[in-house]
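User: I should like to go through this model and ask on what grounds its features are named. Please set each value against the criterion used.

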Amino acid sequence: MTFDIITIFPEIFDSYLKGSIISRALKAGLIKIRLHNLRDWAQGRHKTVDDRPYGGGRGMVMKVEPIFKAVAALKKGKKRRTKVILFTPRGKKINQKMAYQFSKLGHLILICGRYEGVDERVAKYVASDKISIGDYVLMGGELPAMVLIETVARLIPGVLGKSQLLKERITADRGFIEYPQYTRPEVFLPRLRRGYGRQAKKGKKWRTPKVLLSGNHKKIEEWRKKHSKIIAGLR
Ligand code: ADE
């Protein structure tokens, strides 16, 4: 899978791409991530990528032309299985099912908008998919791009350990996933100061649920099922 990222702040991705699992996947050649500075496709001495909005109003709008040129250049010679994603709070909210679908493709071009917005012709004509990561407004599409890369990359065979993903698939098929987990110590006695809420009373031990220590796999399975959170769009 190749991710082509179009942004005016490529350096935002630096430390993220050095992170362990992503960098391992890059080194193993399981994914490719290419960063592109939108200004490389901008015109004039100042390499302008934004302009004032028609009709007036606050702020600047990212121009259609440099984005169109960037996408055209990155699409060249790769006709099939490419999607062009524009990140916008007005897009479709990303979920696990969409991530599975994207993970089967070979090439994703990610457009990170900035400023107050992107010329609507990018959404209308250039992007195949408009994606939001939630009902809130960020300052740009860079964080959403990292969210998408991580959600999609971990589904590509070999990126995570096989058994981990297999387990996830099985539980996903049954329509649940994400139950609470505990590890040692079995009982934890915290030294409490203020600020822990009513759950954590002073001198009270924090215990692991008994059933998880019982060795009774049927009971454990039932407990996990009961306490699982269903993730929307998983199936
Ligand atoms: N750009 C700004 N806010 C966003 C959001 N919530 N999702 C995707 N792109 C965005």
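User: Which residues make the nonpolar surface patch?

Analyst: In this predicted model, Tyr136, Leu138 and Leu143 form a nonpolar surface patch of about 290 Å². Patch residues must have over 30% relative accessible area.

User: Why does Leu143 count as exposed?

Analyst: The cut-off for exposed is over 50% relative accessible area. Leu143 has 51% relative accessibility, and therefore counts as exposed. Leu143 belongs to helix α6, which spans residues 142–153.

User: What surrounds the ligand?

Analyst: The surrounding residues include Phe87, Thr88, Pro89, Ile133, Tyr136, Leu138 and Pro144. Two of the patch residues, Tyr136 and Leu138, are thus also among the residues around the ligand.

User: What makes the approach of Tyr136 to the ligand a polar contact?

Analyst: A polar contact requires a pair of N or O atoms within 3.5 Å. A backbone N or O atom of Tyr136 is 2.8 Å from a ligand nitrogen atom, so the criterion is met. For Ile133 the corresponding distance to a nitrogen atom of the ligand is 3.0 Å, and for Thr88 it is 3.2 Å; both also satisfy the cut-off of 3.5 Å. The ligand taken alone exposes 260 Å², of which the protein buries 95%.

User: How many residues has the largest nonpolar core, and which element supplies the largest share?

Analyst: The largest nonpolar core has 31 residues, and Phe3, Ile31, Phe102, Leu108, Leu110 and Leu148 have the most contacts inside it. Helix α6 supplies the largest share, six residues. Core residues must be buried, meaning under 20% relative accessible area; Leu143 of α6, at 51%, therefore does not qualify.

Methods. Residues numbered from 1 in each chain as written. Predicted model: local features only at pLDDT ≥ 70, side-chain atom pairs only at ≥ 80, totals over all residues. Heavy atoms only, no water. Patch = residues over 30% accessible without salt bridge, like charges linked within 9 Å, V, L, I, M, F, W, Y side chains within 5 Å. Areas by Shrake-Rupley, 256 points an atom, 1.4 Å probe, with all protein chains shown as cover. Salt bridge = Lys/Arg side-chain N within 4 Å of Asp/Glu carboxyl O. Helix = DSSP H or I, 4+ residues; strand = E, 2+ residues; numbered from the N terminus. Buried < 20%, exposed > 50% of the residue type's maximum accessible area, 1.4 Å probe, protein only. Near = heavy atom within 4 Å. Polar contact = N/O pair within 3.5 Å; in protein donor to acceptor, adjacent residues only side chain to side chain. Core = buried A, V, L, I, M, F, W, Y, C linked by side-chain atoms within 4.5 Å.
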